[in-house]
Amino acid sequence: MALLEIENLSVSFDTSTGPFKALDGASYRVEAGEVLAIVGESGSGKSVAMLAVMGLLPPTATVTADAMRFEGRDLMALGARERRAIIGKEIAMIFQEPVASLNPCFTVGFQIEEVLTTHLALRGRARRKRAIELFEAVGIPEPAQRLKSFPHQMSGGQCQRVMIAIAIACEPKLLIADEPTTALDVTIQKQILSLLMRLQAERGMGLILITHDMGVVAETADRVIVQYNGKKMEEADVLTLFERPSNAYTRALLSALPENATGVRLPTVADYREEVAP
Amino acid sequence: MSVPALEVRGVTRDYHVGGGLFGRSRVVHALKGIDLTLERGKTLAIVGESGCGKSTLARIIAMIDPPTSGTLAIDGMPIDITAGRVTAEQRRKVQMVFQNPYGSLNPRQKVGNIITEPLVLNTTKSAAECRQLAMDMLVKVGLSAVHYNRYPHMFSGGQRQRIAIARALILNPQLLVLDEPVSALDLSVQAQILNLLRDLQDEFGLTYVFVSHDLSVVRYIADEVMVMYYGEVVEHRSRDAIFAGPEHSYTKTLFAATPRADVDSIRARLAAKAAG
Ligand SMILES: Nc1ncnc2c1ncn2[C@@H]1O[C@H](COP(=O)(O)OP(=O)(O)O)[C@@H](O)[C@H]1O
Ligand SMILES: Nc1ncnc2c1ncn2[C@@H]1O[C@H](COP(=O)(O)OP(=O)(O)O)[C@@H](O)[C@H]1O
Ligand SMILES: [Mg+2]
Ligand SMILES: [Mg+2]
């Protein structure tokens with residue numbers, strides 16, 4: 001049984017110019033302990049797909065799917081309360097802008113302890129102890145001190161560590177990370193990706209990593225889904241994807257990587273336009 | 001030896017921050033004595049962690065900001081930016097393109113006016129001449145004359161960066177300072193803009209100062225690479241030399257942190273993972 005199984009997911013938004021289809025019949029499957037990368041350029045529907053799974057889209061969104069199952073449980077049949085019990089506890093999500101994702105008015109300690117209270121009913125000393133353990137687990141130095149910091153007093157990389165600590169607080173079975181390192185320097189990106197990979201392996205979590213960066217895919221994924229214009233273009237294990245991409249758009253993306261430049265000019269997706277679905 | 005396109009000697013820049021209602025004012029030494037020489041027609045890439053002073057240096061070279069101390073020479077001519085003593089001719093020679101193609105174009109100005117504005121301000125050309133030059137430039141950067149009367153919001157990120165490049169080139173500059181010009185763009189659009197910059201450099205013999213944090217882009221576009229760390233230059237060598245063997249510890253960290261997308265690296269990672 002797959003950890004998460006989504007079949008034929010579509011999302012459209014009501015806009016002033018009529019309905020806009022942001023995601024068009026995409027399917028996703030993640031096994032326990034597996035790292036799935038969803039890669040695509042901006043606007044390809046990566047975030048919308050995962051927000052739909054989490055039930056976090058605005059009311060202007062219409063979501064349809066043939067099936068949405070988490071550990072075999074039908075997410076679509078669940079009431080709002082049951083769904084919330086799964087989401088945030090068994091499935092956790094982190095976002096691109098770590099500083100903006102945290103509330104600027106409260107200490108990071110308050111914010112992680114709030115989660116521990118809500119989902120795990122921890123209080124007092126036990127809660128403080130658990131918060132410190134979590135900060136240690138994500139490599140924040142002097143955790144007891146840092147709990148008293150406000151988000152703006154920490155760097156972007158440290159804030160992302162805090163977000164990860166909050167996300168793993170309830171020992172989720174699935175972590176969805178939406179461009180978690182896009183706003184960070186590459187040296188910090190490396191640290192955050194290593195941390196995510198270590199936590200994923202230690203805890204046997206499923207991990208869905210959304211990114212636009214083929215380098216990040218190469219360094220993390222077991223399996224990869226390539227998206228373009230709200231459609232799934234290709235799905236393959238990571239080695240196959242880089243070695244023998246079967247889809248024209250994937251080939252275009254890979255050859256547009258400057259490190260793959262063979263001549264003076266870089267091929268662009270436009271060079272593949274005839275082959276890539278219009 | 002020919003006169004270098006750009007010469008920077010002992011440039012420093014301090015920022016005074018704070019000193020409002022709360023706390024004491026503090027001095028940030030954003031640049032701590034930068035020296036560099038760049039030959040005409042070459043591309044210098046500047047890399048380094050965010051906050052190390054890349055944009056500060058870029059703005060000083062583009063004469064948008066004054067240095068706290070030190071000297072700058074463009075084409076062998078010393079620049080004195082203090083007291084507004086930069087000549088129109090000196091300004092014409094150096095233009096700048098910014099990272100954010102959304103923020104750097106005035107949303108209320110039509111594309112045509114955005115591109116002709118530097119001509120109107122700096123030359124005595126007639127309106128018809130300006131218009132023709134702007135139309136030609138639109139074509140050069142891969143857009144077309146039909147875009148002349150449109151507004152920036154009607155364009156994609158890559159197209160907006162083309163407009164910014166057209167505006168920067170309209171005065172026929174010699175040196176283009178590009179501060180992360182492709183960082184906000186999707187991969188395929190990035191490739192188009194990098195190709196365009198290559199073509200324009202060949203056609204006009206332009207010299208580029210190219211700020212980037214992406215080593216794969218740097219490797220593709222640069223002749224020389226300058227690595228900055230906390231306001232100082234820690235390494236400045238030819239692209240081939242630096243990619244063959246980074247010397248400074250920060251450069252090594254940077255290279256080691258850059259994701260590798262080649263098949264051999266993926267194989268090695270998967271093997272290590274399978275071995276547990
Ligand atoms: N709330 C919304 N209302 C209307 N359109 C939206 C909304 N959210 C996203 N979209 C559109 O859906 C498409 C996919 O967006 P998204 O999933 O955010 O892309 P990405 O792959 O960059 O994460 C885009 O064209 C985006 O503009
Ligand atoms: N206008 C400013 N006022 C105060 N400090 C500034 C200003 N601009 C930059 N700084 C500071 O100078 C240092 C260098 O910044 P910057 O040149 O923008 O770096 P980079 O472009 O490499 O990220 C940073 O510490 C930054 O906070
Ligand atoms: Mg997104
Ligand atoms: Mg900068």
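Me: Hi! Which polar backbone atom is 3.1 Å from an oxygen atom of ligand 2?
Reply: That one belongs to Gly53(B). Keep in mind that this is a predicted model.

Me: Thanks! What about Gly51(B), how far is its polar backbone atom from an oxygen atom of ligand 2?
Reply: For Gly51(B), the distance is 2.6 Å. There is a side-chain partner too: an N or O atom of Lys54(B) lies 2.9 Å from an oxygen atom of the ligand. As for cover, the protein takes up 62% of the 560 Å² of accessible area that ligand 2 has on its own.

Me: And which residues come nearest to ligand 2?
Reply: Out of 13 residues around ligand 2, the nearest are Gly51(B), Gly53(B), Lys54(B), Ser55(B) and Thr56(B). By class, the shell holds 5 nonpolar, 5 polar and 3 charged residues.

Me: Which element gives the largest share of that shell?
Reply: Helix α1(B) does, with 4 residues. At least two residues each come from β1 (6–17), β2 (26–38) and α1 (54–61) of chain B.

Me: Switching to chain A: how many of the 8 residues in helix α11 are buried?
Reply: In α11(A), which spans residues 248–255, 7 are buried. Among them are Tyr249(A), Leu253(A) and Leu254(A).

Me: What covers them?
Reply: The cover includes α9 (214–220), β10 (223–228), β11 (231–237) and α10 (238–243) of chain A, along with α6 (187–204) of chain B.

Me: Last one: what does a side-chain oxygen of Asn247(A) reach at the start of α11(A)?
Reply: That oxygen comes to within 2.7 Å of the backbone nitrogen of Tyr249(A), and Tyr249(A) is one of the buried residues of the helix.

Methods: Residues are numbered from 1 along each chain as its sequence is written. Chains are lettered from A and ligands numbered from 1 in the order in which they are written. This is a predicted model: local features need pLDDT of at least 70, side-chain atom pairs count only at pLDDT 80 or more; totals for chains, interfaces and linings use all residues. Side-chain values use heavy atoms; hydrogens and water are left out. A residue is near a molecule or strand if one of its heavy atoms lies within 4 Å of it. A polar contact is a pair of N or O atoms within 3.5 Å; within protein, one must be able to donate a hydrogen and the other to accept it, and residues adjacent in sequence count only if both atoms are side-chain atoms. Accessible areas come from the Shrake-Rupley method with a 1.4 Å probe; for residues, only the protein chains shown count as cover. Ala, Val, Leu, Ile, Met, Phe, Trp, Tyr, Cys and Pro count as nonpolar, Asp, Glu, Lys and Arg as charged, and the others, Gly among them, as polar. Buried means under 20% relative accessible area, exposed over 50%, partly exposed in between (1.4 Å probe, protein chains only). Contact means heavy atoms within 4.5 Å.
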